[in-house]
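This report follows the nonpolar residues of one protein chain, at its surface and in its interior. The structure is shown first, and the description comes after it.

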Amino acid sequence: MSRKTHAVGDHVVLKAGLSRTATGARTCRIVGVLPADHGEAQYRVRLDNENFERRVVHSDIDADETAAPAARKTGTTAAGASKSGPWLKPSSIRIGK
């Protein structure tokens, strides 16, 4: 009866509800893990099209939808990351007196 917990950086899909529509963007990235409230894990998440974070509990995450896209994303993300890197490289910054 162990439940999968998510880590920082994981992409998850939220369940459709009053504030989220079934057709709207429901994919978000976990930016923080919060202390459990009454035994249920809590996460701080950020949707791709928003500039603020939300607090969601584990029951707000759609496990069926999250499992399927995660397998496809890891394959494309790893390939895309190797082709292009960040535009700003910290090792190339020089600071003078």
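A nonpolar surface patch is made here of Val, Leu, Ile, Met, Phe, Trp or Tyr residues with over 30% relative accessible area and no salt bridge, their side chains being joined within 5 Å. In this predicted model, such a patch is formed by Trp87, Leu88, Ile93 and Ile95, which together have about 570 Å² of accessible area. Isoleucine 95 lies in the segment after α1 (63–83), and because its relative accessibility is 79% it counts as exposed.

The protein chain has 1 helix and 4 strands, arranged from the N terminus on as β-β-β-β-α. Three values for the protein chain are collected below.

| Property | Value |
|---|---|
| Buried residues | 22% of the 97 residues |
| Accessible surface belonging to carbon and sulfur atoms | 55% of about 7500 Å² |
| Contacts 24 or more positions apart | 33% of the contacts with a separation of 6 or more |

In the interior, the largest nonpolar core consists of 9 residues, namely Val12, Leu14, Cys28, Ile30, Tyr43, Val45, Leu47, Val56 and Ile61. Two or more residues of this core come from each of β2 (27–37) and β3 (40–47), and β3 gives the most, with 3 residues. In soluble globular proteins, nonpolar side chains tend to be buried together.

Tyrosine 43 belongs to this core and, when neighbours within four places in sequence are left aside, is in contact with residues including Ile30, Val56 and Ile61. Other contacts of tyrosine 43, counted in that way, include Thr5, His6, Arg54, Arg55 and His58.

Key. Residues numbered from 1 in each chain as written. Predicted model: local features only at pLDDT ≥ 70, side-chain atom pairs only at ≥ 80, totals over all residues. Heavy atoms only, no water. Core = buried A, V, L, I, M, F, W, Y, C linked by side-chain atoms within 4.5 Å. Buried < 20%, exposed > 50% of the residue type's maximum accessible area, 1.4 Å probe, protein only. Contact = heavy atoms within 4.5 Å. Areas by Shrake-Rupley, 256 points an atom, 1.4 Å probe, with all protein chains shown as cover. Patch = residues over 30% accessible without salt bridge, like charges linked within 9 Å, V, L, I, M, F, W, Y side chains within 5 Å. Salt bridge = Lys/Arg side-chain N within 4 Å of Asp/Glu carboxyl O.
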